[in-house]
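Trainee: I am new to this structure and would like a guided look. Could we begin with its cavities and then turn to single residues?

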Amino acid sequence: MSDSEETPLIPDQRRELIVKHLRRESVMSYHQLTALLGVSQMTIRRDIAALEAAGRVLATPGGAKISSRLSVEPSRLEKSTQDLIEKDAMAREAARLVSDGMTVFLDAGTTIQAMRPYLDGVADLTVVSNDLAVVSSFLDHPTVDIIALGGRVEKANQSTVGRLAALTLRELSVDVAFLSSSSWDLHRGVTTPAESKVELKKAALEVASEAVLVAGASKYGTFGRYRIFGLDEVDVVITDAALSDSAASGIREHGAALVLADPGGAARAAG
């Protein structure tokens, strides 16, 4: 007998059952969910789209899966070989938000570092960063003023973290903070498995006039133990064009401007 039994379920009840089954099985096909709930595949597809827009599940080819937990932050070496084309497209779109005379915070990460070639023509720029590779990459920029945030060095990611770095950042006034993340979704926001990263990212939100999340679609739907901020706390979300339509709709409804960077051409603005 299906979960729907003899009395039809209202959509919210049906969707809660879908989430319950996915938490137990991790991933299920539309066919399995259709059999369990006794409704059409079209209804299941609509339910999955609604749940994905709410950040609770992820659509997959032929079905859906529950968001996955990130238990360990990937090292910089690992990140440096992943999604290179998508990172370049996102970096290009992020750099378009930078103009002459700005003070910008560039968070640690390979996607943010990829902004560097696109900032050659920006004059009188002040770059604030906790990323040692980012700081080093601007040493040859003719007009940039660099502020490196001190603190404990996390060797695997070649960046400074913790309270000391956050204290320095809180003494500054930033026009735009470009924030990175290896785990994010609509339901939980931006999260991390590393507690040492939380305070610095929160400080960046506090001191910036505008906050921009730059995070790949492949990281969407993963979450870490520590919540940093919600997507409603940033002004712009820049991700790549692989983000699903339902996830994009959910982000738009939370009020952030959404930019889907297309590696093959112009970005698609969504909100």
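Trainee: How many nonpolar, polar and charged residues are in the lining of the largest cavity?
Mentor: A cavity is a set of points, on a 1 Å grid over the protein atoms alone, where a 1.4 Å probe fits but cannot get out, and lining residues have an atom within 4 Å of a point. For the classes, Ala, Val, Leu, Ile, Met, Phe, Trp, Tyr, Cys and Pro count as nonpolar, Asp, Glu, Lys and Arg as charged, and the others, Gly among them, as polar. Sorted this way, the lining of the largest cavity comes to eight nonpolar, 13 polar and nine charged residues.

Trainee: What kind of model is this, and from which number are residues counted along each chain?
Mentor: This is a predicted model, in which local features need pLDDT of at least 70, side-chain atom pairs count only at pLDDT 80 or more, and totals for chains, interfaces and linings use all residues. Side-chain values use heavy atoms, with hydrogens and water left out, and residues are numbered along each chain, as its sequence is written, from 1.

Trainee: Which residues are closest to the centre of the largest cavity?
Mentor: A volume is the space filled by probe spheres set on the grid points, which are joined across faces, edges and corners. For the largest cavity it is about 310 Å³. There are 30 lining residues, and closest to the centre are Lys79, Ala108, Ser180, Ser181 and Ser182.

Trainee: Which helices and strands each supply at least two residues of that lining?
Mentor: Helices (H or I, at least four residues) and strands (E, at least two) are DSSP runs, numbered from the N terminus. The elements that each give at least two residues to the lining of the largest cavity are H5 (84-95), H6 (110-113), E9 (159-161), E12 (189-192) and H9 (198-207).

Trainee: Helix H9 caught my eye; how many of its 10 residues are buried?
Mentor: Buried means under 20% relative accessible area, exposed over 50%, and partly exposed in between (1.4 Å probe, protein chains only). In H9 the buried residues include Val198, Leu200 and Lys201. The helix is largely enclosed by the rest of the structure, because the number of its residues that are buried is seven.

Trainee: Which residues line the second largest cavity?
Mentor: The search of the whole structure finds two cavities of 30 Å³ or more, and the second largest has a volume of about 40 Å³. Its lining has one nonpolar, three polar and four charged residues. They are Arg76, Lys79, Ala108, Gly109, Thr110, Asp131, Asn157 and Lys197.

Trainee: Is Arg76 buried or exposed?
Mentor: Arg76 sits in helix H4 (residues 76-79). Contact means heavy atoms within 4.5 Å, and beyond four places in sequence Arg76 touches residues including Asp131, Asn157 and Gln158. With a relative accessible area of 7%, Arg76 is buried.

Trainee: Gln158 is among those contacts; what is its phi?
Mentor: Gln158 lies in the loop between strand E8 (152-154) and E9, and it is partly exposed at 36% relative accessible area. Although Gln158 is not a glycine, its phi is positive, at about 55°.

Trainee: Where is Asp83 found?
Mentor: Asp83 is another non-glycine residue with a positive phi, near 50°. At 31% relative accessibility it counts as partly exposed. Asp83 is in the loop between H4 and H5.

Trainee: What is the volume of the largest pocket?
Mentor: A pocket, unlike a cavity, is an open set of points with protein on both sides within 12 Å along at least five of seven lines. The lining of the largest pocket divides into seven nonpolar, two polar and two charged residues, among them Glu52, Tyr220 and Leu243. The volume of this pocket is about 180 Å³.

Trainee: Finally, what is the radius of gyration of the protein chain?
Mentor: The chain has 10 helices and 18 strands. The globule rule (2.2 Å times the number of residues to the power 0.38) gives 18 Å for 271 residues, and the chain comes close to that, so it is as compact as a globular protein of that length. Of these residues, 53% count as buried. The radius of gyration, taken over C-alpha atoms, is 20 Å.
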